[in-house]
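The following exercises are to be worked through with the sequence and the model in view. Each task is followed by a solution in steps.

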Protein chains: 2
Amino acid sequence: MRPGKAVTMMDVAREAGVSRAAVSKVIRDAYGVSPDMRKRVESAIERLGYRPSVAARAIRGSSFTIGFELHEIENPALSRILRGAAEGIEGTGYRLVIAPGDPEGQHAIDALVDLRVDGLVAIAPRATPAWLENLASRIPLVLVSRHDPSVNYDTVAGGDDEGARLVMRHLFDLGHRSIAHLTRSEEATAQEGGALAVRLGAYLDEMARNGRESRIQVLRTLSTSDAYHATVGLLDSADPPTALFASHDDLAFEVLRAVRERGLDASDLSVVGYDNVRFASHPGLSLTTVDQSGDDLGRRAVRLLLERINGRTAAKHEETELRLVVRGSTAPPRR
Amino acid sequence: MRPGKAVTMMDVAREAGVSRAAVSKVIRDAYGVSPDMRKRVESAIERLGYRPSVAARAIRGSSFTIGFELHEIENPALSRILRGAAEGIEGTGYRLVIAPGDPEGQHAIDALVDLRVDGLVAIAPRATPAWLENLASRIPLVLVSRHDPSVNYDTVAGGDDEGARLVMRHLFDLGHRSIAHLTRSEEATAQEGGALAVRLGAYLDEMARNGRESRIQVLRTLSTSDAYHATVGLLDSADPPTALFASHDDLAFEVLRAVRERGLDASDLSVVGYDNVRFASHPGLSLTTVDQSGDDLGRRAVRLLLERINGRTAAKHEETELRLVVRGSTAPPRR
DNA sequence: CGCCACTTGTAGATCGATCTACACATGGCG
DNA sequence: CGCCATGTGTAGATCGATCTACAAGTGGCG
């Protein structure tokens, strides 16, 4: 029974004793259907278990499917955004498919475009604005966690500049004067509008404003496990900082791992993350962090995209609410 | 430029001065293409940036896409399986799309079937074997973390019975005599072949074998945050158990949350999880758990599915390696 | 009674690919 | 020189839907 046993519109038409066009009209809820015909067609659909082929639809017009590009499957901050998107799409008649991919997002985005989705939500922290503009000229596009001032695609992001400054001020207020910043690779912060680039910029600026240029120290890691080793190296250095601002929670947790393993605490090295993922509130971790309402980010992205699919062309750039959540991983420095 | 500006095979054919069929042959690497024609077509493809439409392909035959049904986006154990699947598909010429869905998996699976993917990897802990058999008769299907003895679909799972017994023996060896089990809702353990059902069964059996029927205590939660409240209730009860076996790490972490908030430790209530997600090894959590190689689960599922797509019809049922990882969340009971 | 408007349903083109069947060259060989 | 095998390319049907154009039927109204 394996070989292509799918029920088609033709089968339904035969079963109901009407034409294909009639069936099409019924399922699209189009004009020109008598109550009688509707009933017969609907019962035939029911009986045969017919389901319209998205592929066949896509080839003619809309697939009623939107794509979500996700480059880090295991990053809980991204999962939170994704959950918001999934919630946001409910009841809209559209469905969501996710393509896992590389950090550039290229491969995943291509896969979704090839599927002929009606629109795209992407994170793609390493894609260049030029490439995205080009993409946006061919398909409705919304970017999450980027601040590009594009006219062709929308963006939704947290106020990363403000968030990072909240973090820095919190640390300065506690009395820290030597604060390091832990972020991703050079490429990850290369795009001016990227969230990590903005956070890095705010860190550098706040250090300068407070006259601490000489203590600026930026660490970079490729993977999360790298973050652990980088911290170990930092703690072993001659004159370690008293606080560390990690550009997102997943990195911060690895920093905490190193700190705890040494038997140290927040007075030795205060740690701040970003995103307020679920684990941050766990008493075993208790991470001070910034909540940028990741789920709201996803929900809004979907809403903006649907607006665009339905004809809006003027770009919108939104920001979500921010909130510094102070927990046990930060404290005044011991000295 | 927005309106359907996609480059089609026809455009490429025109550009290269050949027929559509010729272009098709080149991209499918089919027989009957002269080196000269190949070159011209390839350069035309390059010049126009042509990408074949998966939708159009799917309608005729294969989409070279496989679907992954994921009902809990934020569950790190599932993310781990997903990562394995994503790794396993690399270099195979297929691509992976994920559909987020409800616990029944119905909606997500339907969405993937409607997309006309070539095969399906599903977790669907609450689907009935009958429904899955029916599904498997229409599309190649592999189930993860289920032990159904189906002849129409494959399964890959950890040895859940053995794993749960490892946990129980570890707790008995430490001296625990009153052990509770925390699992999901009734529906989640209703399917006989489901991983949670098997773990529950092993718990009940081990309690009985050790003559502790009277201390059997099964708690159920709907959400992860529920697990926290359930634990609080348990700790407040008249004669609380000295150990708790949670059916997966995410629940265990919430149990630990309650334990830690009370200032209690492993001697008061030992906690064991299942899955060995990344956070389990964090010193702030340090959870004893069972590692069932979640990434391997995903990798194997993909491999089995591709075998099936390529013609295998005899069902295979595989199990992954198991390993009990003892950490700080378990200790001998205080009394 | 005849014309028009409206309702209800169908035929057939179309979307972008795949794939079978065939046409046309070319050249080897008896 | 004629026949056939081989190599190269194309025409056209096909997949499952959408959607325009139109045919047939019904009833209102002057």
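**Exercises on domains, DNA surface and strands**

In this predicted model, the centres of domain 1 and domain 2 of chain A, taken over C-alpha atoms, are separated by 34 Å.

**Exercise 1.** State which residue ranges make up the domains of chain A.

*Solution.* Begin with domain 1, which covers 9-52. Domain 2 is assigned two segments, 61-157 and 294-320. Domain 3 takes 160-293.

**Exercise 2.** Describe the protein surface near DNA strand C and its polar contacts.

*Solution.* Step one: 28 residues surround DNA strand C, and the closest include Tyr31(A), Arg60(A) and Met9(B). By class, 14 of the residues of this surface are nonpolar, six polar and eight charged.

Step two: of the DNA atoms within 4 Å of the protein, 59% belong to sugar or phosphate, and the rest to bases.

Step three: the side chain of Arg60(A) places an N or O atom 2.2 Å from a base oxygen, and that of Arg20(A) has one 3.2 Å from a base nitrogen. A polar backbone atom of Ser53(B) lies 2.9 Å from a phosphate oxygen.

Step four: helix 2 (20-28) and helix 4 (54-60) of both chain A and chain B each give two or more residues to this surface. Helix 2 of chain B gives the most, with five residues.

**Exercise 3.** Determine how strand 6 and strand 7 of chain B pair and connect.

*Solution.* Strand 6 (residues 179-183) and strand 7 (residues 217-220) of chain B are parallel, paired over four bridges. Ala180(B) stands opposite Gln217(B) of strand 7. Between these strands the chain passes through helix 9 (residues 195-209) of chain B, in a right-handed β-α-β crossover.

Methods
Residues numbered from 1 in each chain as written. Chains lettered and ligands numbered in written order. Predicted model: local features only at pLDDT ≥ 70, side-chain atom pairs only at ≥ 80, totals over all residues. Heavy atoms only, no water. Pairing = 2+ DSSP bridges. Right-handed = clockwise from strand over helix to strand, strands pointing away. Domains from an automatic or database assignment. Near = heavy atom within 4 Å. Polar contact = N/O pair within 3.5 Å; in protein donor to acceptor, adjacent residues only side chain to side chain. Nonpolar A, V, L, I, M, F, W, Y, C, P; charged D, E, K, R; others polar.
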